[in-house]
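Colleague: I have this one open next to the sequence and would love a close look at a single part of it. Could you pick a helix worth the time, walk me along it, and then add whatever else in the model deserves attention?

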Amino acid sequence: MTATSVIPAPFDESRSRAGFLSRALSSDLPRSRALSFILIAIVLTLALTPLLFSGSQPLSTAAKICVFIVLVASYDLLLGYSGIVSFAHTMFFGIGGYGIAIGLEKLGPDWSSVAIGLIAALALSAVLAIAIGLLSLRVRAIFFSMITLAVASAMAVLASQMSGITGGEDGLSFQLPYALRPAFRVFSEPVFGVMINGRIVAYYLVFFVTVGVFLLLLRIVNSPFGRVLQAIRENEFRAEALGYRVVAYRTAASVISALAATIAGGLLALWLRYNGPDTTLSFAIMIDILLMVVIGGMGTMYGAIIGAALFVLAQSYLQVLMDAGSKALAGIPLLPNLVHPDRWLLWLGALFVISVYAFPGGIVGRLRQGKQS
Amino acid sequence: MTDIAVETSAPAELPRTKTDWVPLALVPALALLALPFIGSPSAWVTLTVAGLAMGMMIFLMASGLTLVFGLMDIINFGHGVFISLGAYATLIVLGPLAGWGEADSIGLNLALLGLCIVTAMAVTGVVGAVFERVIVRPVYGSHLKQILVTMGGLIVAEQAIHAIWGASPIPIRLPETLRGAFVIGDIVMERYRVVAVGVGLVVFIGMQLLLNRTRIGLLIRAGVENPEMVEALGYRIRRLFVSVFVAGSALAGLGGVMWAFYRQTLTAGMGMEVMVLVFIVIIVGGLGSVGGCFVGSILVALVANYVGFLAPKLALISNILVMALVLTWRPQGLFPVARR
């Protein structure tokens, strides 16, 4: 990977700036002008959402994008870099959400409850990830997919059954620490015409944790450890022959990815002030994650940002477009059903299949290829 | 392992591998073990018959998947959609022939069930052929891509079911004479479950005969062991692959019909819901082994029933526990398939 030395930094700024940026991004730059442009646009929009848009809808969409960036990036570590498919990612996502939710609900709305909830959730996730990894990765990577699916669905049922702790199907609503409540004011006067209240503080908490976790994950995949993971993905036998313990590396990757997913779950719960089976644990979210990773680009990390942004926007706005299409096609048999707003997943699914065949690198891979040719 | 004893007395004959009895003995042993805990024999018989029926239905749905994996080394995460599709295909028959189901005649009722099964197998078989050609064929040899692509196929096909039959759950009714239960003393046996056991046994015996007594079965078993060699001997392994995939899909459709009448509600996600059990069963049985799949299905279903009776809270994770125990005992499943 000598790309950074060959291709100039995408910013036309002073050298020291590029050095800092290169270090922050672990020398794994986007390596494509168009890609850099899109990424900067997305990150800037996310950073400035509270100032650019008014109302709660855009802010919620932006927060959801941030949470999914963490979730999808951590899944990319597993799928794209280690080459193993897990269906338990939502389980860890849910554990994070429930950790925060149970902590704040039972222990009262302050920061120590957040810390206790998160730490307990992280510990539980780590233990589960290790157990699953050692049970299934020892034999054959394909076992891992099926076993994670089984364990995750058992956990989902368990969470909805233990209503005394988890609130069952209804989930848990809870109070946030005072600094994150809408009534909280950072300054008594509006800044740039926007009142900085607890909602916006909560948003920036989500945003900066997202940035931190993403950069950390980027660092991990570009470390020697990450290189070993990629070696195992490319050729398991050869990596084993070189003396790397494949099971240990794969299990470690699955633990790291589970921990990041737990944090993402915690963030979502903090943002929504609610956690329930449908928001974090459901299999539908697992499918969403798969779509985001593959369409954004497996094994690129940056694909997570593009995939999450594209998907969440599509979820919110594609349906409007399809509704118009469905009305325009009214009267023709079956066709209006195919573009019915509820069928948006049909088209993303088709895009997913095409992506796996035609662009294994997803959108990011496509943009990088365009740069080279 | 001790089960590779070889008979050397007759050098002209092929060495015979001994049947692996331990996993087979596991099922009756488990059933007997549960008896003192459950106490009343009538409850035990009821639970056992119900568990057997459940196991047979799971086996019907799982057998195709394990067969396809064994021969083609393809793991089809979209298998669940064939179960749903088979279930929805019953609507094609149930719509115009609703009268047969309401008639109080066992002949007509069973004929309706049979017709549903035939239709469902035809539909899922055809869709299976298309699915193999479009979705699976380009990704032979890469498990990762297979999982991803078949998941994609699952999403698209589930949405297509929504688009064709609507998104809301559809209730269906069991044929008249299959409703209710046989009551013998204290023992209660649902009629439909008895039918399910019958269908499951017929399919299992049929598959065993086909695999062990016919030329096609010989080729399939040889293909599981070594596809390149079969090809080198002049057989078109591709054609065999496709027909096994079609047969596997049709079996899923058959399982889907049985499962649909059991649940009496149709949803597009019903196949994916039951896939969790299916995966557990084929892992427990040993990926690729039809016999293992049969034993595994019954084992998992019986344990679920007994545990559900004795400790309802544990029932949710009993399947996972069975799987974990079996994998610690035999990491490749009850009946490991030689090559993989």
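**A kinked helix and what lies beyond it**

Modeller: Happy to! Let's begin at the end of the helix: just after H2(B), B:Asp73 takes a positive phi of about 55°. Please keep in mind that this is a predicted model.

Now back along the helix itself. H2(B) covers residues 41-72, which makes 32 residues. Its first and last C-alpha atoms are 44 Å apart, close to the 46 Å expected at 1.5 Å a residue. The helix does have a kink, though, of about 35°, and the centre of that kink is B:Ala62. As for its surroundings, 28 of the 32 residues of H2(B) are buried, so the helix is largely enclosed by the rest of the structure.

Since B:Asp73 has that positive phi, here are two further residues to check in your backbone plot. B:Gln264, which is not a glycine, has a positive phi near 65°. It sits in the loop between helix H10 (237-263) and strand S4 (265-266) of chain B, and its relative accessible area of 33% makes it partly exposed. Over in chain A, A:Arg31 is another residue other than glycine with a positive phi, near 60°. A:Arg31 belongs to the loop between helix H2 (15-24) and helix H3 (33-52) of chain A, and at 22% relative accessibility it counts as partly exposed, the cut-off for buried being under 20%.

While you are in chain A, have a look at the empty space inside. The whole structure holds 5 cavities of 30 Å³ or more, and the second largest has a volume of about 60 Å³. Four helices of chain A, namely H5 (89-107), H6 (111-136), H7 (141-161) and H12 (246-272), each give at least two residues to the lining of this second largest cavity. H12(A) has the largest share, with 3 residues. By character, the lining divides into 7 nonpolar and 5 polar residues, with no charged ones. Among the lining residues are A:Leu78, A:Phe92, A:Ile132, A:Phe144 and A:Thr148.

A:Ser86 also lines that cavity, and it comes from the loop between helix H4 (56-81) and H5 of chain A. With a relative accessible area of 3%, A:Ser86 is buried. Its side chain reaches the backbone nitrogen of A:Ala88 at 3.0 Å, and A:Ala88 is itself one of the residues lining the second largest cavity.

How values were computed:
Residues numbered from 1 in each chain as written. Chains lettered and ligands numbered in written order. Predicted model: local features only at pLDDT ≥ 70, side-chain atom pairs only at ≥ 80, totals over all residues. Heavy atoms only, no water. 1 Å grid on protein atoms, 1.4 Å probe; cavity = no way out; pocket = protein on both sides within 12 Å on 5 of 7 lines; lining within 4 Å. Points joined across faces, edges and corners; volume = space filled by probe spheres on them. Nonpolar A, V, L, I, M, F, W, Y, C, P; charged D, E, K, R; others polar. Expected span 1.5 Å × (residues − 1). Bend = angle between axes of the 7 residues up to and from the residue. Buried < 20%, exposed > 50% of the residue type's maximum accessible area, 1.4 Å probe, protein only. Polar contact = N/O pair within 3.5 Å; in protein donor to acceptor, adjacent residues only side chain to side chain.
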